[in-house]
Number of protein chains: 2
Amino acid sequence: MKNIINDALKKYVLSINNPSLRDAIKYSLLAGGKRIRPILFLEVIKSYGLNPLDYVDIAISLELIHTYSLIHDDLPSMDNDSIRRGKPTLHIAYGESTAILAGDALLTDSFRLISSSLILDSNIKTKLIEVLSEKTGSNGMIMGQMLDLASEGVELPLFDLDQMYEKKTSNLIVASLVMGAIVSDEKNTQLWSNLGFILGLLFQIQDDVLEETLSVDIIGKTKSDTIRKKPTYVSILGLNETKMHILKLENEITKIINKLKLFDSSLYQLILKIINRSN
Amino acid sequence: MKNIINDALKKYVLSINNPSLRDAIKYSLLAGGKRIRPILFLEVIKSYGLNPLDYVDIAISLELIHTYSLIHDDLPSMDNDSIRRGKPTLHIAYGESTAILAGDALLTDSFRLISSSLILDSNIKTKLIEVLSEKTGSNGMIMGQMLDLASEGVELPLFDLDQMYEKKTSNLIVASLVMGAIVSDEKNTQLWSNLGFILGLLFQIQDDVLEETLSVDIIGKTKSDTIRKKPTYVSILGLNETKMHILKLENEITKIINKLKLFDSSLYQLILKIINRSN
């Protein structure tokens, strides 16, 4: 699945006419990410018995948005990160203005890819764009990033940290799963939404643990949370209680997988991989 | 028309949950712009005999995109402007990270407003998003901004300057007019597209003249083009030939207005106002 996604991403990169912009976007987009969001989207579609290969061009819109958010988050005035996916961040390699514009282009093009799709009818396309823009806009991912920036050096209650993680990370995972369900003509997307919420939280809390326990070499990015004194699950609950909390979330995921009757699916295999990831 | 647009923008601002983000977006969005793009969109609709008041929530998506582009263009790593619409730019007033995120939110929310509209059917909504994202994405407005940044201190041929102005400025004007035509169920949008292209060029070349002839107090923003040694029509052609060129464009606009049978419309009155603007 990952190879097919990477091929579609390469095709997208070739569609960019301005050479400097194309190079910059290529640098970030083809830097070897895990492609979790597009894969989740395609796996949901597969679980409904549809052919995921038909929807790859929609799937990559999720990777475009994810990559834009990383590029902007890494900027000097934001997290000021210099390493991402084991390489210098985009603004280090191509300059800050190009990094801002590359992010803007990826965000805008994400909606272009969906709206210009030839395989979906307008009704579905509109619903996809509605979900994606809602989950990533002012009351979604951007709000999460605002909360994140405001959290520096602050002792947050766990409730607020959860809200921040929901907006920052869960929202785009929710969008990936719910969009897969919408394409599959599923009318009730609530369980998918719940699954995305918990999976995003889990992912973010795993990051907190990894940041605490692994070296920069292995995680492939700067330990900016520690450096900037941002609250994490580990800083609030300690390592052991955080690990207990992760187990609780894994338990909740299993319950939803059961309700969705997904134990035999490759989607569940992927989720197990995420649960057991080591970087 | 402007008051109705401002009311809709205020309603949008109130929908933003995070207080810091809301304040920042309010600061930029309600700073008293001319609202040319949403007004053009609504005037096209009016010229087809439809009620423009029904489409105000779509109209403001154009002002959101326009404002996002101004906020990001003003950033220190871009044009590094400190004054906009007679006030300190957003990054001066609220910090750079908030300015970047406010721009990202406006861009994303623009697509949310269109996709969640209750008055349009999905077919129209999808077409609007397709046009808007195409005109503002990697091969549209963003490409214009890339060309603009690369033009600093460079002597461009007029052809390249035209391309830059087309992408940077005409594209969103084209989108405004074409989107108005799409909402009005017009199948042939070519004349609208041509009109937007020339109107955008005219607007940008007028800016070149104003930057040359007016003080910062009157134009309400820094003379960054001069400071940064960017090519302009005036720097390439000189003031007199530039004014001749403006007359030629006005002439072409009149021809299109004639073809569209718009001489009696309030849209034409607005275009005349743009032609004769003094700041």
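R35(B) sits in the loop that joins helix 2 (19-29) to helix 3 (36-47) in chain B; helices are DSSP runs of H or I with at least four residues, numbered from the N terminus. This is a predicted model, where local features need pLDDT of at least 70, side-chain atom pairs count only at pLDDT 80 or more, and totals for chains, interfaces and linings use all residues. Residues are numbered from 1 along each chain as its sequence is written, and chains are lettered from A and ligands numbered from 1 in the order in which they are written.

**Positive phi in loops**
- Most residues other than glycine have a negative phi.
- R35(B) goes the other way, with phi near 60°.
- K261(A) also has a positive phi, near 55°, and lies in the loop between helix 14 (239-259) and helix 15 (266-275) of chain A.

**Burial**
- R35(B) counts as buried because it has 21 C-beta neighbours inside 10 Å; the cut-offs on other C-beta atoms within 10 Å, placed from the backbone, are 20 or more for buried, 12 or fewer for exposed, and partly exposed in between.
- K261(A) has 9 such atoms, so it is exposed.
- L272(B), in helix 15 (residues 266-275) of chain B, has 14 and is therefore partly exposed.
- From L272(B) to I253(B) is 19 residues in sequence and 9.8 Å in space, C-alpha to C-alpha.

**How the copies relate**
- A turn of 180° and a shift of 0.0 Å along the axis lay chain A on chain B with an RMSD of 0.0 Å, by least squares on C-alpha atoms of residues with pLDDT of at least 70 in both.
- The two copies are therefore related as by a two-fold rotation axis.
- S122(A) has the C-alpha nearest the axis in chain A, 2.7 Å from it.

How values were computed: Helices (H or I, at least four residues) and strands (E, at least two) are DSSP runs, numbered from the N terminus.
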